[in-house]
Amino acid sequence: MTAKTPLRLLGLALFPLLLGACEAVAQGGAPAGAKGAATAPAGCDAKQMILIQHAVSVAERRTAAAVAFIDAEPYHAHVREWFGTTPAPKIRVRLARTLDLLRPERRPPLICGTAEACGNRPVFAIANLTRRTVMLCPMFFQARNEGADSRPGVIVHEMTHLAAGTGDMAYGRSAALALARKEPDRAALNADNYEYFVEFLPDRTAARPATR
């Protein structure tokens, strides 16, 4: 996942110098996932560990809230905003798979990568589909805790690649919104749409469902 300005070059690419080749096509279906405790991030210092732990915790909590939101408000304007006319159950199943992969016992290995390992590109993170790992690049640690392209949002984005077979058809908020309006089927498979759906999830207690 990369910065939105300039255009992100998200990480379904190679892991240069570290992890070898990554599959070019996103894989669908629920991930295999190893049982037991979550693997500790590799190659990270103490400060990075704290930021990662917070981001993953928030990502898990907000993704759970997103699943509950769709269950309660499947016709809400927020669902239409990011996924257009895509039926809510299709969105829910991908969010549920992502939530499952965020659980400590299912979570894939997280790796702290250097600028060189991240290809010296302005990327937040890189999901390796073959090895089922996520490399967190230096830009990840410079991101914010809240709002668009936050650290928790980056985690959600990358996990949708591994858990739900999403791709990168559009980058950035404007492009993701346009994709939902014009090509909702593709929006339902675009990682940024899930990231922004979770990052800007309304307070369900104050939300009103849209007219069916």
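Which helix lies across β1, β2 and β3, and at about what angle to β2 does it run? Keep this question in mind while you open the structure, which is a predicted model, and begin the tour by selecting residues 151–164. These residues make up helix α5, and this helix lies across β1, β2 and β3, running at about 15° to β2.

**First stop: the sheet**

With α5 still on the screen, select the strands themselves. The sheet is an open one built from 3 strands, which follow one another in the order β1-β3-β2, and their pairing is mixed. Select 110–112 for β1 and 125–128 for β2, and you will find these two strands at the edges, where each has a single partner strand, so that one side of each is left without a neighbour in the sheet. If you turn the view to look at how the strands cross, neighbouring strands of this sheet are turned by 20° against each other on average, when direction is ignored.

Now add residues 133–136, which are strand β3, and compare this strand with β2: the two pair in the antiparallel sense, over 4 bridges. To see one place where residues face each other, select Asn128 together with Thr133, since Asn128 stands opposite Thr133 in β3.

**Second stop: two residues with positive phi**

From the sheet, move to the loop between β1 and β2, and select Asn120, which lies in this loop. Its backbone deserves a careful look, for Asn120 has a positive phi of about 55° although it is not a glycine. Is Asn120 buried or exposed? Its relative accessibility is 58%, and Asn120 therefore counts as exposed, because the cut-off for exposed is over 50%.

Next, go to the loop between α4 (138–142) and α5, where Asp149 is found. Asp149, too, is a residue other than glycine with a positive phi, here near 60°. The relative accessible area of Asp149 is 15%, so this residue is buried, the limit for buried being under 20%.

**Third stop: the disulfides**

Display the cysteine side chains, and ask how many disulfides a search of the whole structure finds. The search finds 2, and, when the bonded cysteines are counted along the chain, they follow the pattern 1-2, 3-4. A disulfide is a covalent bond between the sulfur atoms of two cysteines.

Select Cys44 and Cys112, which form a disulfide with their sulfur atoms 1.9 Å apart. Looking along the bond, you have 100° about S-S, and the link of Cys44 and Cys112 is right-handed. Cys44 lies in the segment before α1 (46–72) while Cys112 lies in strand β1, so the pair ties together parts that are 68 residues apart in sequence. Cys44 counts as buried at 18% relative accessibility, and Cys112 is buried as well, with a relative accessible area of 11%.

Then select Cys118 and Cys137, which are joined by a disulfide with an S to S distance of 2.1 Å. The link of Cys118 and Cys137 is left-handed, with -100° about the S-S bond. Because Cys118 lies in the loop between β1 and β2, and Cys137 in the loop between β3 and α4, the pair ties together parts that are 19 residues apart in sequence. At 1% relative accessibility Cys118 counts as buried, and Cys137, at 0%, counts as buried too.

**Last stop: the aromatic rings**

Finally, show the aromatic side chains, among which the structure holds 6 aromatic pairs. Select Phe83 and Tyr194: the centres of their rings are 4.8 Å apart and their planes stand at 50°, so the pair is tilted. Phe83 lies in helix α2 (residues 77–83) and Tyr194 in helix α8 (residues 191–199), which means that the pair ties together parts that are 111 residues apart in sequence. Phe83 counts as buried at 0% relative accessibility, and Tyr194 is buried with a relative accessible area of 1%.

Another pair to select is Phe140 and Phe141, whose ring centres lie 5.1 Å apart with the planes at 90°, so that this pair is edge-to-face. Phe140 is buried, with a relative accessible area of 0%, and Phe141 counts as buried at 15% relative accessibility.

To end the tour, add Phe69 and Phe197 to Phe83 and Tyr194, for ring pairs link these four residues into a cluster.

Terms used
Residues numbered from 1 in each chain as written. Predicted model: local features only at pLDDT ≥ 70, side-chain atom pairs only at ≥ 80, totals over all residues. Heavy atoms only, no water. Pairing = 2+ DSSP bridges. Axes fitted to C-alpha atoms, helices over the stretch in contact; angles between N-to-C directions. Contact = heavy atoms within 4.5 Å. Buried < 20%, exposed > 50% of the residue type's maximum accessible area, 1.4 Å probe, protein only. Disulfide = S-S within 2.5 Å. Phe/Tyr/Trp six-rings, centres within 6.5 Å; stacked < 30°, edge-to-face > 60°.
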